[in-house]
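Trainee: I have a new structure to look at, and I would like to learn how to read it. Could you walk me through it?

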Amino acid sequence: MNTSLYREIDMIEIFKAIMFGIVEGITEWLPVSSTGHMIILDEFIKLDCTPEFLEMFLVVIQLGAIMAVVLLFWGKIFPFQFKDKSKPVIEMDKIMLWLKIAVACVPAAIVGLLFDDLCEELFYHAISVAIALIVFGVAFIIVERKNKGKGAKIKALDDITFRTALIIGLFQLIAAIFPGTSRSGATIVGALLIGVSRSVAAEFTFFLAIPVMFGASLLKIVKFGFSFTGEEVCILLVGMVVAFAVSVFVIKFLMDYIKKHDFQVFGWYRIALGIVVIALGVGGVITV
């Protein structure tokens, strides 16, 4: 009887992990803030785990989403091509791309290592997340309307300079400090402001996520320690696998969508979500 009960509880936790994976896979790539959605989801579907594991889980689950980028864009990011089995060819344009990504990661990496805990303590609560959602929602609408009818100056990844990469990285820093900003939202807004096309802005944002999320996940795992229970390992793996599978479809959708549409719809969605988060916070539904 007890064994059956434990199995039932385990399956409920697995179902919750699947739900978190779905939400992560969708919101990590659309510029709508995965943090805002995770806050709401966590209030209604709480994992039966320690606060320390939940904090780590919500970051490390993103590794699944990141692997979708690696799979879909392998040909654009892997610099070593084996055209001849005995002699690999190094493609310098991809080496340069990674150097630009490294430059863009420097601001967020410094702040993340030095002030990660402080930023979470100061800004990881419902009202600050809601404000970030609304502010960058408005920013999307303003930037897109301002750019309407204007041609992009940067239409290919190769056209991104080190200076452009650093500016985009500074916008990513905003997302690192203020949860709810959305890492992809901040970098895309920054890229659009300096004349990067939507498709290039989205791709560079995807690639930028690879070292950022690997680094953030490693930091969280080290802080948590490596003493996982069997159930915790299972929950984490399920969340990551689901996030990976959903991300594959969402990334493909976004790249097709922005060929014909702008980002204004995501701006309006962010504003609406921010208002919902404020309402739930004021109403006492959300306690974060």
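Mentor: Let us take the features in turn, starting with the overall layout. Keep in mind that this is a predicted model.

Trainee: How many helices and strands does the protein have?

Mentor: There are 12 helices and 2 strands. Read from the N terminus, the order of elements is α-α-α-α-α-β-β-α-α-α-α-α-α-α.

Trainee: What share of the residues is buried?

Mentor: Of the 288 residues in the protein, 49% are buried. As for the outside, the protein exposes about 14,300 Å², and carbon and sulfur atoms supply 70% of that area. You can also ask how far along the chain the contacts reach. Taking contacts between residues at least 6 apart in sequence, 82% join residues at least 24 apart.

Trainee: Which residues touch the most other members of the largest nonpolar core?

Mentor: Those are Trp29, Phe204, Phe206 and Phe207, in a core of 52 residues. Several helices each supply at least two residues of this core, among them α4 (62-72), α6 (92-123) and α7 (126-147). The most comes from α10, which gives 11 residues. A second, separate core has 22 residues, including Leu47, Phe57, Leu236 and Met240.

Trainee: Can we zoom in on one core residue? What does Phe207 touch?

Mentor: Leaving aside residues up to four places away in sequence, Phe207 touches Val69, Phe73, Lys76, Ile77, Leu97, Ile101 and Leu157.

Trainee: Now let us try a single residue in a helix. Where does Thr164 lie?

Mentor: Thr164 is part of helix α8, which covers residues 162-177.

Trainee: Why does Thr164 count as buried?

Mentor: The cut-off for buried is under 20% relative accessible area. Thr164 is buried because its relative accessible area is 8%. Beyond residues up to four places away in sequence, Thr164 touches Ile154, Ile194 and Val196. The side chain of Thr164 also has a polar contact of 3.0 Å with that of Thr161. For a look at sequence against space, take Thr164 and Gly195: they are 31 residues apart in sequence, while their C-alpha atoms are 9.6 Å apart.

Trainee: What about disulfides? How many does a search of the whole structure find?

Mentor: The general idea comes before the count. A disulfide is a covalent bond between the sulfur atoms of two cysteines. Here the search of the whole structure finds 0 disulfides. You can still read the surroundings of a cysteine: Cys49 is partly exposed, at 24% relative accessibility, and Cys234 is partly exposed with a relative accessible area of 36%.

Trainee: And how do I read aromatic rings?

Mentor: A pair of aromatic rings is described by the distance of the centres and the angle of the planes. In this structure the count comes to 13 aromatic pairs. One of them is the pair of Phe78 and Phe80, which is edge-to-face, with 5.8 Å centre to centre and 70° between the planes. Phe78 is partly exposed, at 24%, and Phe80 is partly exposed, at 35%.

Trainee: Which kind of pair do Phe224 and Phe228 form?

Mentor: Phe224 and Phe228 form a tilted pair, 5.1 Å centre to centre with 35° between the planes. Phe228 is partly exposed, with a relative accessible area of 24%. Phe224 and Phe228 also belong to one aromatic cluster with Phe20, Phe53 and Phe57.

Methods
Residues numbered from 1 in each chain as written. Predicted model: local features only at pLDDT ≥ 70, side-chain atom pairs only at ≥ 80, totals over all residues. Heavy atoms only, no water. Helix = DSSP H or I, 4+ residues; strand = E, 2+ residues; numbered from the N terminus. Buried < 20%, exposed > 50% of the residue type's maximum accessible area, 1.4 Å probe, protein only. Contact = heavy atoms within 4.5 Å. Polar contact = N/O pair within 3.5 Å; in protein donor to acceptor, adjacent residues only side chain to side chain. Disulfide = S-S within 2.5 Å. Phe/Tyr/Trp six-rings, centres within 6.5 Å; stacked < 30°, edge-to-face > 60°. Areas by Shrake-Rupley, 256 points an atom, 1.4 Å probe, with all protein chains shown as cover. Core = buried A, V, L, I, M, F, W, Y, C linked by side-chain atoms within 4.5 Å.
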